[in-house]
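Here's a quick briefing on a protein with a ligand bound. Have a look at the structure first, then read on.

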Amino acid sequence: MAFLQDAPRLAHPYRSDPLLPGLLDRVLPPERRGALDADLNALGDYALLAFQRAGAGTPRQPVLAQWGPWGERIDRIELTPAWLDGPRITTACRVLSSGHADSEHARLEEFARVYLYHLASEFYTCPLAMTDGAATALKAAANRELMARALPHFLSGDPASLWLSGQWMTETIGGSDVSHSETTARRDGTGQWRLYGRKWFSSAVVGEAALALARPEGAAAGNDALALFYTETMDGPQRRPELVIDRLKDKLGTRELPTAEIHLQGLPAWPVGELAHGVRQIAPVLNITRTWNAVCAVASMARAIALAQDYARRRQAFGRPLIEQPLHAHTLADMHAEFAGAFALAFEVAHLLGRVEHGAATDDEAAALRLLTPLAKLWTGKLAVAICSEALECFGGAGYIEDTGLPQLLRDAQVYPIWEGTTNVLSLDSLRAIGGGSLGALRGVVANWASGTETRHAAGLIQDTLERAQHFVEQSAGTPDALQAGARGLALTLARCAAAGLLARQVTWSMRGGELWPAAALQRFLAHGLDRLAAPEADNTALLLR
Ligand code: MFK
């Protein structure tokens, strides 16, 4: 019998996770920590089941049926099994509702669930993220009527009454720049607002509600005049006829997620707040979904590394297992160190979000969160692609073969740096936050994380790098183009400094338990460098873009 290679096996994603249980043990009060275990174990079990199911069957994709047998318009989407499981798993394990519980730890507990559920859910987490964002935006707008109507559904504990919400911003004319949006809102004879237009990327078209940007009829041009509307898509069991699904997108990855192009032909809608400044009103959705994006990106990294490491123990080459080959082991360790930093940053943002929402954070922490959110999103998005790509390489040719399931990790990861704002748009959002005074707050918060006596060297490096970042901002203040050109380098530098500060805090925490990995992760992370600043004097862009 010819040699047959063992496939990589997945250990229990919760009980075997190298980072999550330890973080929760450290930061949650014992009674909350204990109460969380049942849901996290169940989500880990489900993730294992989904992994086995994916290995055993042919991948399925959603299918849009636009017409019924007698010629009627139906726009029905057949979903994959994981998507059909979605409402039951979400409600049984309180994936969404836990984040809105009355505790400063609620968001951390929510995102621990998201981390475990994400890959098994086949990106059902995407509409969950938007639903979470919509719930948060309705609360921020203090729109009591819409809150009373929608929140019991968005945060439902019953799969039969769970509603998903979309977030309809992007149009053919723009996704990053929404100022020329063409969707209009008009009142009908009864005074009811109705939406008319075309939305170009709708990832929750199977949902029952949506938040949509539209220009009230007669309003001025430009972004300030856009308003935010809440709308519902169903009339009992039927999709409303004023919502037409044109087609599903043919995407590089996230293929189980039915992303649609839609037309709105008079869909009834209600203003969320004032009939202007819709971008400001939808900003809470953006910040929530960007946090989901960061946590889901680290979930992809965790899966890629877990499989690559398991395989390295099973695969022999040149006389010994890959894990004993120094260069291969070194490569895996590099991946681990970056992942540890990314995990720490994504979960700190999640925890801080809950602490800010419940008034348990300092003013500096609240201001830092505004900056840390885009930083976490943009850095983890890029890193997920790099780590998934490196992980595929760890399997050699097998990593490039579809039915191993491995290429999907990379195809899916490519979405993280794109949706919810590209790396460059998020870098510009970081400048927006810095313009609001967040950098000083971030520096204070990071210095506090790295203030342990065992991490003085790291603290010094972080502080020097942050000093250079601040200098870059001050030096470029009078030249907006130079500031913008350097925004990505600045953002990556700040993200790495924040992650290093959190790894330093982990070293301090580990002193009592005698754990050695945090110091190793910090050392390796620092060796990869913190500074990604672009030197303005070295800018030769114009010469290259001839
Ligand atoms: C599995 C993981 C889950 C992920 C879910 C994935 C869902 C996928 C589907 C999508 O991709 S949906 C499309 C997502 N689209 C975006 O993320 C849009 C990307 N573009 C931006 O983010 C632009 O920066 C933006 C549209 C916000 C620019 O709009 P404007 O109107 O030119 O911005 P402007 O004038 O600077 O800001 C307007 C107001 O919003 C300002 O407040 P004020 O009116 O009080 O001055 C800003 O401060 C505020 N603002 C903007 N971004 C903010 C924010 N406030 C807080 N946080 C932010 N991030």
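What follows is a short tour of the ligand site, from its place in the protein down to single atoms.

This is a predicted model, so keep that in mind throughout. The ligand sits in the largest pocket, and residues from domain 1 and domain 2 both join the shell around the ligand, so it lies between them.

**Where the ligand sits**
- The domain assignment splits out domain 1 (165–276) and domain 2 (423–544).
- Measure between their C-alpha centres and you get 38 Å for domain 1 to domain 2.

**Who builds the shell**
- Three elements each put two or more residues into the shell around the ligand: α5 (125–141), α7 (278–314) and α11 (423–435).
- α7 gives the largest share of that shell, with 10 residues.
- By type, the shell residues come out as 11 nonpolar, 11 polar and 6 charged.
- There are 28 residues around the ligand, and the ones that come nearest are Asn-223, Arg-280, Asn-287, Arg-290 and Arg-432.

**Polar contacts and cover**
- Asn-287 has a polar side-chain atom 2.9 Å from a nitrogen atom of the ligand.
- Arg-370 also points a polar side-chain atom at a ligand nitrogen atom, here at 3.4 Å.
- For Arg-432, the partner is an oxygen atom of the ligand, and a polar side-chain atom lies 3.0 Å from it.
- On its own the ligand has 1,200 Å² of accessible area, and the protein covers 80% of that.

Terms used:
Residues are numbered from 1 along each chain as its sequence is written. This is a predicted model: local features need pLDDT of at least 70, side-chain atom pairs count only at pLDDT 80 or more; totals for chains, interfaces and linings use all residues. Side-chain values use heavy atoms; hydrogens and water are left out. A residue is near a molecule or strand if one of its heavy atoms lies within 4 Å of it. A polar contact is a pair of N or O atoms within 3.5 Å; within protein, one must be able to donate a hydrogen and the other to accept it, and residues adjacent in sequence count only if both atoms are side-chain atoms. Accessible areas come from the Shrake-Rupley method with a 1.4 Å probe; for residues, only the protein chains shown count as cover. On a 1 Å grid over the protein atoms alone, a cavity is a set of points where a 1.4 Å probe fits but cannot get out, and a pocket is an open set with protein on both sides within 12 Å along at least five of seven lines; lining residues have an atom within 4 Å of a point. A molecule sits in a cavity or pocket if more than half of its atoms lie within 2 Å of its grid points. Helices (H or I, at least four residues) and strands (E, at least two) are DSSP runs, numbered from the N terminus. Ala, Val, Leu, Ile, Met, Phe, Trp, Tyr, Cys and Pro count as nonpolar, Asp, Glu, Lys and Arg as charged, and the others, Gly among them, as polar. Domain bounds come from an automatic or database domain assignment.
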